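Subject: Structure handover

Hello,

Here is the structure for you to take over. Please have it open while you read the notes that follow.

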Amino acid sequence: MKKENILRTGAGVILTCVIVTVLFVMKNGMPVFGAPNPRDVERVTVSWAQGETADYTDPEKIELAVKLINSLNYQPFTQVPENSREVGPDVTITYIMKDGKKLTAAANWITGWWNGEARTLKEPDMFVNLTEGIFHGERQE
């Protein structure tokens with residue numbers, strides 16, 4: 001009896017977790033994994049398609065840049081449009097780690113790239129708009 005109750009409860013918990021995860025991904029998209037800890041980032045470089053580039057070493061700007069990775073949620077099992085891939089990103093953020101490693105987040109109006117892997121964004125334009133709002137037009141540090 002106890003074993004059956006434990007198994008039934010466990011199965012209910014697992015089923016609930018699966019349902020909640022599926023609903024989350026359907027509503028918000030799939031998050032990208034591997035975002036750095038802001039304390040491990042030495043600086044970030046923000047580049048726009050027009051050729052403008054800015055480097056930031058301020059811990060607050062670095063933290064904001066890392067948080068922007070959360071806006072790269074993508075639609076799983078969705079093909080990236082070829083014309084979007086050809087155009088490339090409108091904005092690119094390069095995270096230069098204290099150990100010398102580099103991570104890259106980029107996006108255009110519909111496609112996001114995380115370390116070179118292209119995905120169709122769940123919220124088009126969000127990464128570009130947020131990045132421009134936070135970083136564009138500021139003087140380089």
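**Strands and hairpins**

W113 stands opposite A118 in β6. This is a predicted model, in which local features need pLDDT of at least 70, side-chain atom pairs count only at pLDDT 80 or more, and totals for chains, interfaces and linings use all residues. Residues are numbered from 1 along each chain as its sequence is written, and side-chain values use heavy atoms, with hydrogens and water left out.

Helices (H or I, at least four residues) and strands (E, at least two) are DSSP runs, numbered from the N terminus. Two strands pair if DSSP finds at least two bridges between them.

The facing residues W113 and A118 belong to an antiparallel pairing of β5 with strand β6 (residues 117-120), joined by four bridges. β5 and β6 form a hairpin with two residues between them, and N115 in the turn has a positive phi of about 55°.

On the side of β4, W113 of β5 stands opposite A106. β4 and β5 run antiparallel and are joined by three bridges, with a hairpin of three residues leading from β4 to β5. Another bridge partner pair here is A105 and W114 of β5.

β4 also pairs with β3: the two run antiparallel, with six bridges. T92 stands opposite A106 in β4. The hairpin of β3 and β4 has four residues between the strands, and G100 in this hairpin takes a positive phi near 95°.

Both faces of β5 are covered, since T111 and W113 on one side and G112 and W114 on the other are all buried. Buried means under 20% relative accessible area, exposed over 50%, and partly exposed in between (1.4 Å probe, protein chains only).

**Aromatic pairs**

The structure holds two aromatic pairs. Rings of Phe, Tyr and Trp (its six-membered ring) pair if their centres lie within 6.5 Å; planes under 30 degrees apart count as stacked, over 60 as edge-to-face and the rest as tilted.

One of the pairs is Y56 with F135, which counts as tilted because the planes are at 50°, with the centres 4.9 Å apart. Y56 is in strand β2 (residues 53-56) and F135 in helix α4 (residues 126-135), 79 residues apart, and the pair links distant parts of the chain. Y56 counts as buried at 0% relative accessibility, and F135 is buried with a relative accessible area of 0%.

Y95 and W114 form an edge-to-face pair, 6.4 Å centre to centre and with 65° between the planes. Y95 lies in strand β3 (residues 91-97) and W114 in strand β5 (residues 111-114), so this pair ties together parts that are 19 residues apart in sequence. Both Y95 and W114 are buried.

A charge was also found over a ring, for which NZ of Lys or CZ of Arg must be within 6 Å of the ring centre and within 35 degrees of the ring normal. R119 lies over the face of Y74, at 4.2 Å from the ring centre.

**Helix α4 and the core**

In α4, F127, V128, T131 and F135 are buried. Seen down the axis of α4, the buried residues fall within an arc of 95°, so they line one face of the helix. The arc is that of the directions from the helix axis to the C-beta atoms. The cover over these buried residues includes β1 (41-48), β2, α2 (59-67), β3 and β4 (102-107).

A nonpolar core is a set of buried Ala, Val, Leu, Ile, Met, Phe, Trp, Tyr and Cys residues joined through side-chain atoms within 4.5 Å. The largest nonpolar core has 26 residues, of which V44, I93, Y95 and F127 touch the most other members. β1, β2, α2, β3, β4 and α4 are the elements that give two or more residues to this core.

Contact means heavy atoms within 4.5 Å. Leaving aside neighbours within four places in sequence, the contacts of Y95 include P36, V44, A65, I69, L103 and W114.

**Two other residues**

K61 lies in helix α2 and counts as buried at 14% relative accessibility.

E52 lies in the loop between β1 and β2 and is partly exposed, with a relative accessible area of 39%. E52 and H136 are 84 residues apart in sequence and 9.0 Å apart in space, C-alpha to C-alpha. Leaving aside neighbours within four places in sequence, E52 is in contact with V46, S47 and H136.

Regards
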